[in-house]
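The questions below go through the interior, the charged pairs and the backbone of a structure, one topic at a time. Please keep the sequence and the model open while reading.

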Amino acid sequence: MILPMSYKLLAQAEISLSGNMQEVDGHLDFMYDAMQIKYPKYYKMNLLCKLGFLTAEKLFFDNPLLLNDFPEAVKCSTILFNAASSATADIIHATSVDDPQVIPGPGVFVYTLPNILNGELCIRHGWTGYNAFFVINDHMHKNEEMAELLQVALSGQEINLCLTGWVETDLKNELFKGSLALIAKK
Amino acid sequence: MKPVYCIAGNIVNELGADPEVHWQNAIAGKSLLKKTEIDQHSHCFATYLSPDQWERLAQKHATNLTKSSLLCIESIENIIKYHPIDFNETSIIVASTKGDIHLLHGLKHKQQDDTYALWHLAKVLDDTFQPAKKTVVLSNACISGSQVLQLGASFLKQHDTTLKNVVVCGVDLVTPFVLKGFNSLKALSNEPCSPFDAGRTGISAGEAAASMVLSTAPLPFNHMETIQLTAGYVSNDANHISGPSRTGEGLFLALSAISQSPSGFPDAISLHGTATIFNDEMESIALSRHDMSNIPAFGLKGIYGHSMGASGTLESVISLYAMCHNMVPPTVNFTTQGTSQPVNVASDVRHQQINTVFKCSSGFGGGNCVLAFDKKSV
């Protein structure tokens, strides 16, 4: 990733999967079991949140003492990006909305916002800091665009610690990628 | 740090695109909410454009544009008509939760084009206005429209920037996707929504775009008073994905941060006031924890409904009119105090000096945003 000025990289993690929604969902559940996480809320999440949640779990699993040196860890911020927004929940909700025989369920609808992932990460880790979800199209200079947006978003208020990255559920190409980095002010 | 000024703003919905008309309507306390079918068995209240109004917008701009694009273009074009800005030194940021989601056809999504995507809306605005930077969409639930103003100010404060203006545009539509969704959460009121009232039972929906031009030039807002966006702060409750914190923790934290900014204490507060039991109660608690219960406050959703990603920008535009005219707008449909802590909202207009306004927003995902606007004598 392109690091913003005056920030250093603490750790990063990536999960990259391909397949249809059911296959990828099964694969993520398998990873959840393998990491031996006890977090029942996980099973309520949509694919986007499962993917982002597990990428973050992987980051901290590999670096368990990472936040010990940060007394202000509770103010950690989350700044996330993708192109598909909350597509995995959107198509399920849209399908039930279009069908007069079906009553849409609240459990799907609440996940039709991409920033619910920020919310899930904040709940999991007790973070009360800045949070933002940007939707940008997936293009050649995507990394530069993300870096610039990140730099600007980080300057809006005091942010010493930030989990940031790309969490995408590309349904057309059946590609699912979570790529997160934890950065801290130098 | 360079100061950032709010030099222009407007609102586009069924009432049209003239911000003066919107202000007159707001102080007259006229609700725009009308009864709307959700399905055969249930109804709610909402504000939305009529088919004729959509047809006229399509004829005026282009018939192949999506509804969200039409609202944004109508809003931005109406601003630049009265406040010419050079897009070579201007960028655009969009705030939206669902954009043109009505164009998504569920399981057929693999065969359809991308016109429903939020980034597609950004692309249309780039093609139309050719701004200095690529347009970006912030999709942070119902705080998007406020948060995007903080972000716009940050763009202008970057020390190496050649940008002089940022146009911030919030937009969301009233669609079956959203109505049936909120209905499934039992969040919609079957009466016009009544923020902070004892009888409130939930939200009304709103369809709108609202734009604000932020600038490094100290020009008066809509040719009236010079107003600075002094501070903005975003926090998270870390509590629940679809309900606010019972203690108002996130909003309390954001208010704490803003109270320590040069703005200090507000003369009036523009509240989120969705008219759900929990949101309004949460706001009353957060204000009380800051000894702000007595500060004149107002909520605008009894007029406009909840326009989600647009609401923060929309309510900021009305808040700036309130500052220019030194009038606190009425909280429409409010009659009886209905929160555990007092909130100083009223059903009538109040005349008083307003030099500083705080704008509060809260949303799904646990986000909270507070902005501070200050009048400056230049």
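A cavity here is a set of points, on a 1 Å grid over the protein atoms alone, where a 1.4 Å probe fits but cannot get out, and its lining residues have an atom within 4 Å of a point. Grid points are joined across faces, edges and corners, and a volume is the space filled by probe spheres set on the points. This is a predicted model, in which local features need pLDDT of at least 70 and side-chain atom pairs count only at pLDDT 80 or more, while totals for chains, interfaces and linings use all residues, and side-chain values use heavy atoms, with hydrogens and water left out. Residues are numbered from 1 along each chain as its sequence is written, and chains are lettered from A and ligands numbered from 1 in the order in which they are written.

Q: How much space lies in the largest cavity?
A: The structure holds 1 cavity of 30 Å³ or more. The space in the largest cavity comes to about 40 Å³.

Q: Which elements of chain B each supply at least two residues of the lining of the largest cavity?
A: The lining includes B:V178, B:F182, B:A205 and B:G206. By class it has 7 nonpolar, 2 polar and no charged residues, where Ala, Val, Leu, Ile, Met, Phe, Trp, Tyr, Cys and Pro count as nonpolar, Asp, Glu, Lys and Arg as charged, and the others, Gly among them, as polar. With helices (H or I, at least four residues) and strands (E, at least two) taken as DSSP runs numbered from the N terminus, the elements that each supply at least two lining residues are α6 (176-184) and β7 (205-206) of chain B.

Q: Which helix gives the largest share of the largest nonpolar core?
A: A nonpolar core is a set of buried Ala, Val, Leu, Ile, Met, Phe, Trp, Tyr and Cys residues joined through side-chain atoms within 4.5 Å; buried means under 20% relative accessible area, exposed over 50%, and partly exposed in between (1.4 Å probe, protein chains only). Of the 174 residues in the largest core, A:L28, A:L54, A:F134 and B:F373 touch the most other members. The largest share, 9 residues, comes from residues 47-62 of chain A, that is, helix α2.

Q: Which residues of chain B does A:F134 touch?
A: Contact means heavy atoms within 4.5 Å. Leaving out residues up to four places away in sequence, A:F134 touches residues of chain A, including A:I79 and A:L149, and also B:V136, B:V137, B:L138 and B:L151.

Q: Which residues are joined with A:K50 into one salt-bridge network?
A: A salt bridge is a side-chain nitrogen of Lys or Arg within 4 Å of a carboxyl oxygen of Asp or Glu. A:K50 pairs with A:D25 (2.9 Å, N to O) and with A:D29, where the closest N and O atoms are 3.0 Å apart. The salt bridges share a partner, and the residues joined with A:K50 are A:D25 and A:D29.

Q: Why does A:K50 count as buried?
A: A:D25 counts as partly exposed because its relative accessibility is 25%. A:K50 counts as buried because its relative accessibility is 4%.

Q: Where is A:S85, a residue with positive phi?
A: A:S85 has a positive phi of about 50 degrees although it is not a glycine. At 6% relative accessibility, A:S85 counts as buried. Its place is in the loop between β2 (77-82) and α3 (87-98) of chain A.

Technical notes: On a 1 Å grid over the protein atoms alone, a cavity is a set of points where a 1.4 Å probe fits but cannot get out, and a pocket is an open set with protein on both sides within 12 Å along at least five of seven lines; lining residues have an atom within 4 Å of a point.
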